[in-house]
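Here are my notes on this model, as numbered points. Please read them with the coordinates open.

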Amino acid sequence: MNDNPSNPFERKRPVFLTVLCVIAFLHVGLSIVIGLFGTLTSSNPKWFETSGILDLFVWGAQEFGLFFSVILLLLSIIAFFGIIQIWNLLKIGVWTFSIPMLFFVLIPFAALPSGLWIVLIPNLIIIPLLIILFIFNYKRLD
């Protein structure tokens, strides 16, 4: 056991910021998985057709195509690195997360027909909310 007090220069991550990072990790991690699956299925979507949840991925791959699937995957990976930076209390992480996620929300509007925009509602709620909450916590970062 170490009886020495902790380093006074060591900053602790606020609990609220920790919760935000975990939520963002889950959301962006799921986006990476969906992006990987969309990229794989866009070349041959019939191979992956089954009943259940895989039909949703195949439908997404057919609607977006390979180009948009790769772009959304890259944006998700960049945003994931932004969350890691926020986790390490770096201010640049807010920008590394926010900018790709704004494009992540806007690109499907260009790719999907207007009748299918309803599938974007979860991202239209979660992503801007995360960005706003990270910006409110910007002063707590180094």
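Contact here means heavy atoms within 4.5 Å. Keep that cut-off in mind for the neighbour lists below. The model is predicted.

1. **Overall layout.** The protein chain holds four helices and zero strands. Read from the N terminus, the order is α-α-α-α. Of the 142 residues in the chain, 36% are buried. The exposed area comes to about 8,800 Å². Carbon and sulfur atoms supply 73% of that area.

2. **Contact range.** Take the contacts between residues at least 6 apart in sequence. Of these, 68% join residues at least 24 apart.

3. **The core.** The largest nonpolar core has 24 residues. Val28, Ile86, Phe97, Met101 and Phe134 have the most contacts inside it. Helices α1 (15-41), α2, α3 (92-111) and α4 (121-136) each supply at least two residues of this core.

4. **Ser76.** Where does Ser76 sit? Its place is helix α2, which spans residues 54-87. The relative accessible area of Ser76 is 0%; the cut-off for buried is under 20%, so Ser76 counts as buried. Its side chain reaches the backbone oxygen of Leu72 at 3.0 Å. Setting aside neighbours within four places in sequence, Ser76 is in contact with Val28, Ser31, Ile32, Met101 and Phe104. Two of these names, Val28 and Met101, also appear among the core residues with the most contacts.

5. **Val28.** This residue is worth checking from its own side. Which residues does Val28 contact, leaving aside those within four places in sequence? They are Ser76, Ala79, Phe80, Ile83, Phe97 and Met101. Ser76 therefore turns up in the list for Val28, and Ser76 itself is buried at 0% relative accessible area.

6. **Ile86.** Ile86 also belongs to helix α2. Is Ile86 buried or exposed? It is buried, with a relative accessible area of 0%. Not counting residues up to four places away in sequence, Ile86 touches Leu17, Cys21, Gly93, Val94, Phe97, Phe134 and Leu141. Look at the pair Ile86 and Phe97. They are eleven residues apart along the chain, and their C-alpha atoms are separated by 8.6 Å. Both are listed among the core residues with the most contacts.

7. **Leu89.** Please inspect the backbone here. Most residues other than glycine have a negative phi. Leu89 has a phi near 65°, a positive value in a residue other than glycine. Leu89 lies in the loop between α2 and α3. Its relative accessibility is 7%, so Leu89 counts as buried.

8. **Phe37.** Phe37 is in helix α1. Its relative accessible area is 18%, and the cut-off is under 20%, so Phe37 still counts as buried. Phe37 and Ser69 are 32 residues apart in sequence. Their C-alpha atoms are 8.8 Å apart in space.

9. **Surface patch.** Which residues form a nonpolar patch on the surface? They are Leu66, Val70, Leu74, Ile77, Phe81 and Ile84. Together they have about 480 Å² of accessible area. One of them, Phe81, is placed in helix α2. Helix α2 also holds Ser76 and Ile86, and both of those are buried at 0% relative accessible area.

Terms used: Residues numbered from 1 in each chain as written. Predicted model: local features only at pLDDT ≥ 70, side-chain atom pairs only at ≥ 80, totals over all residues. Heavy atoms only, no water. Buried < 20%, exposed > 50% of the residue type's maximum accessible area, 1.4 Å probe, protein only. Polar contact = N/O pair within 3.5 Å; in protein donor to acceptor, adjacent residues only side chain to side chain. Core = buried A, V, L, I, M, F, W, Y, C linked by side-chain atoms within 4.5 Å. Patch = residues over 30% accessible without salt bridge, like charges linked within 9 Å, V, L, I, M, F, W, Y side chains within 5 Å. Areas by Shrake-Rupley, 256 points an atom, 1.4 Å probe, with all protein chains shown as cover. Salt bridge = Lys/Arg side-chain N within 4 Å of Asp/Glu carboxyl O.
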